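Here's a quick tour of a few spots in this model. Have the coordinates open and follow along.

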Amino acid sequence: MVNAVAPIAVFYGLRAAGVDQWPALMLGLVAPAAKAVHSVVTKRRIDMLAGLVVTVLLLSVALSFLTGSPRTLLARDGWITAMAGIWILLTLLRTPYYLSALQLFTSGSLREQINAAWRDTPAFRRVVRVGTMTWGFALLLDAATTVILAYTMPIDSVPLIGALKLVAVIILAEVCSQVYFRRKGAPYLQVEPADDSTCGEGR
């Protein structure tokens with residue numbers, strides 16, 4: 001939430017106060033950077049996603065200083081989303097993101113059934129992997145369109161359009177993954193996760 005809302009609020013607030021585009025965008029990076037640093041300090045370790053966010057932020061700031069272009073800072077949202085999408089796809093190599101989401105939003109016997117289905121049923125594992133790929137590719141699609149918007153649309157329009165586009169992509173991925181799971185995955189469970197789970201974290 002901080003990463004998405006704070007930069008937009010800061011940018012449009014400063015623009016309304018007459019601040020130029022480049023410094024308004026730069027100051028908008030303070031909140032997500034502080035959140036990433038706080039996560040590292042409190043957890044006393046650098047998880048992959050936090051490390052990727054900090055790396056992309058630093059690279060985008062460095063490139064923006066070199067080019068003097070606010071569009072470089074706008075494109076950084078796309079690169080961060082791309083990193084998140086790639087990270088989700090990489091979880092296919094071990095514990096898929098979608099399985100972790102199912103475990104997070106369930107409890108008790110339903111979680112045990114999910115774990116058992118994942119362990120014993122190859123068809124259920126395919127459903128989980130498809131759900132993971134749905135989220136990964138959805139974020140990569142959003143990332144590509146964000147970079148395109150950053151270099152083609154009017155600068156003052158890009159943050160709001162990008163945020164609305166990301167919300168639309170998340171809703172679409174959520175609906176698609178929910179429908180697919182209920183049709184293909186839920187039959188392998190004794191109790192369909194209608195009220196106890198949220199399929200796909202998103203978020």
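## T91 in its loop

T91 sits in the loop between α5 and α6 (97-104). Keep in mind that we're looking at a predicted model. Is T91 buried or exposed? It's buried, because its relative accessible area is 12% and the cut-off for buried is under 20%.

So who's around it? Skipping neighbours within four places in sequence, T91 is in contact with P96, Y97 and T132. T132 is 41 residues away from T91 in sequence, yet their C-alpha atoms are 8.2 Å apart in space. There's also a polar link to the backbone: a polar atom of the T91 side chain lies 2.5 Å from the backbone oxygen of I88.

## K165 in helix α9

Next up is K165, which you'll find in helix α9 (residues 158-185). This lysine counts as buried because its relative accessibility is 17%, with under 20% as the limit.

Which residues does K165 touch, leaving aside neighbours within four places in sequence? They are D142, T145, T146 and L149. With T146 there's a side-chain to side-chain polar contact of 2.7 Å.

## A nonpolar patch on the surface

Back to helix α5 (residues 70-90), which is where M83 belongs. M83 is partly exposed, with 31% relative accessible area. That matters for the patch assignment because patch members need over 30%.

M83 joins I86, L90 and L93 in a nonpolar surface patch. Together these four residues offer about 380 Å² of accessible area.

Conventions: Residues numbered from 1 in each chain as written. Predicted model: local features only at pLDDT ≥ 70, side-chain atom pairs only at ≥ 80, totals over all residues. Heavy atoms only, no water. Patch = residues over 30% accessible without salt bridge, like charges linked within 9 Å, V, L, I, M, F, W, Y side chains within 5 Å. Areas by Shrake-Rupley, 256 points an atom, 1.4 Å probe, with all protein chains shown as cover. Salt bridge = Lys/Arg side-chain N within 4 Å of Asp/Glu carboxyl O. Helix = DSSP H or I, 4+ residues; strand = E, 2+ residues; numbered from the N terminus. Buried < 20%, exposed > 50% of the residue type's maximum accessible area, 1.4 Å probe, protein only. Polar contact = N/O pair within 3.5 Å; in protein donor to acceptor, adjacent residues only side chain to side chain. Contact = heavy atoms within 4.5 Å.
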